Amino acid sequence: MKKGESKMKKGESKMKELNEQEKFWLAVGPAYTSGGGTESPDERLNARPKFFRLFESLGNKDLSILEVGCNRGMNLSVLDSMGFKNLSGIDIVESAVSICQQNLPDADIRQGSILSLPWEDEQFDVVFSAGVLIHQHRTESLPVVMDEMARCAKSNILGLEDYNSISAAKNYRGRNDQYWAAPYDRFWKERFPQYDMVTRQMEGIRVVYRIDK
Ligand SMILES: C[S@@+](CC[C@H](N)C(=O)[O-])C[C@H]1O[C@@H](n2cnc3c(N)ncnc32)[C@H](O)[C@@H]1O
């Protein structure tokens, strides 16, 4: 598949059976994209310092990096400003993807579902999520997304996700089935006990982690 080519072809989303979370993001995504996450890369970096320090800890700016659920590319823009140039991202929301493509013309940004990533096994040195696993159903889409992230990652999986010691549904935009604070670091350990949890810290209400394959 060529750079910039989307696995989800135009109209395909209508043919495929979408899950509740995909339908939700297709519905609220445009408003979310235009209404929030519009801070500058510096503001985003200052809001998530521990998370972005994880990328510095990898020690190599040439690493290929994929963000699942990148929205308009706020995190990727921070990484770009930090000197990482081999960047890719995917999101289901078309308007977010086109803003992201405009902001990061050299990156490979695709529209599609993170339940089926349109990339090869171990194609990226690093695969990460930020505020995206929290929107996956614990027993349905979450394991699928984690497996896809692990499949595409060669070396590292990084994350920043809202934490709670047990999985707890929170009200999000009037719904109780779209957002769960949970011990995502533990979920990774349970699903992939063979991987190394190198770093695990709290950043406000979120857990930030680096896992090495
Ligand atoms: C809370 S936002 C986080 C955006 C970004 N990671 C950040 O930190 O600014 C969640 C994003 O995940 C995307 N998303 C949720 N489920 C998805 C799915 N199944 N496939 C692709 N994108 C999805 C949404 O469209 C949205 O852009």
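Modeller: Welcome! Helices and strands here are DSSP runs, numbered from the N terminus, where a helix (H or I) has at least four residues and a strand (E) at least two. The model is a predicted one.

Biologist: Thanks! In which strand does Val127 lie, and is Val127 buried or exposed?

Modeller: Val127 belongs to strand β4. A residue is buried if 20 or more other C-beta atoms lie within 10 Å of its own. Val127 has 29 C-beta neighbours inside 10 Å, so Val127 in β4 counts as buried.

Biologist: How far apart in space are Val127 and Lys154, C-alpha to C-alpha?

Modeller: Val127 has contacts beyond its neighbours within four places in sequence, including Cys152 and Ala153. Lys154 is 27 residues from Val127 in sequence. From C-alpha to C-alpha, the two are apart in space by 8.4 Å.

Biologist: Which element gives the most residues to the shell around the ligand?

Modeller: The ligand is surrounded by 21 residues, with Trp25, Gly69, Asn71, Ile92 and Ala130 the closest. Two or more residues of that shell come from each of α2 (20–35) and α5 (74–82). By class, the shell has 10 nonpolar, 9 polar and 2 charged residues. With 4 residues, the element that gives the most is α2.

Biologist: Asn71 and Glu122 both have a positive phi without being glycine. Which of them is buried, and which is partly exposed?

Modeller: Asn71, with phi of about 50°, lies in the loop between β1 (65–68) and α5. Glu122, with phi near 50°, is placed in the loop between β3 and β4 (124–130). Because a residue needs 20 or more such neighbours to count as buried, the 26 C-beta neighbours inside 10 Å put Asn71 in that class. Glu122 has 14 C-beta neighbours inside 10 Å, so the buried residue is Asn71 and the partly exposed one is Glu122.

Biologist: Why are the buried residues of α4 on the same side?

Modeller: In α4 (residues 49–57), the buried residues are Phe51, Phe52, Leu54 and Phe55. They are on the same side of α4 because the arc they cover around the axis is only 135°.

Biologist: Which exposed residues are carried by the face of α4 turned away from its buried side?

Modeller: The buried residues of α4 pack against several elements, among them α3 (41–47), α5 and β4. After α4 comes Gly59, with a positive phi near 75°. On the face turned away from the buried side of α4, the exposed residues are Pro49, Glu56 and Ser57.

Biologist: What is the bridge partner of Asp196 in β9?

Modeller: β9 is mostly covered, with 6 of its 7 residues buried. β9 pairs in the antiparallel sense over 7 bridges with β5, and likewise over 7 bridges with β8. The hairpin of β8 and β9 has 2 residues between the strands, and Gly204 in its turn has a positive phi of about 65°. In β9, Asp196 has as its bridge partner Asp212.

Biologist: One last thing: what stands opposite Ser88 in β3?

Modeller: Strands β2 (residues 87–91) and β3 (residues 108–111) run parallel and are joined by 4 bridges. Together with helix α6 (residues 94–103), they make a right-handed β-α-β unit. Opposite Ser88 in β3 stands Asp108.

Terms used:
Residues numbered from 1 in each chain as written. Predicted model: local features only at pLDDT ≥ 70, side-chain atom pairs only at ≥ 80, totals over all residues. Near = placed C-beta within 6 Å. Nonpolar A, V, L, I, M, F, W, Y, C, P; charged D, E, K, R; others polar. Pairing = 2+ DSSP bridges. Right-handed = clockwise from strand over helix to strand, strands pointing away. Buried ≥ 20, exposed ≤ 12 C-beta atoms within 10 Å, placed from the backbone. Arc of directions from axis to C-beta. Contact = placed C-beta atoms within 7 Å.
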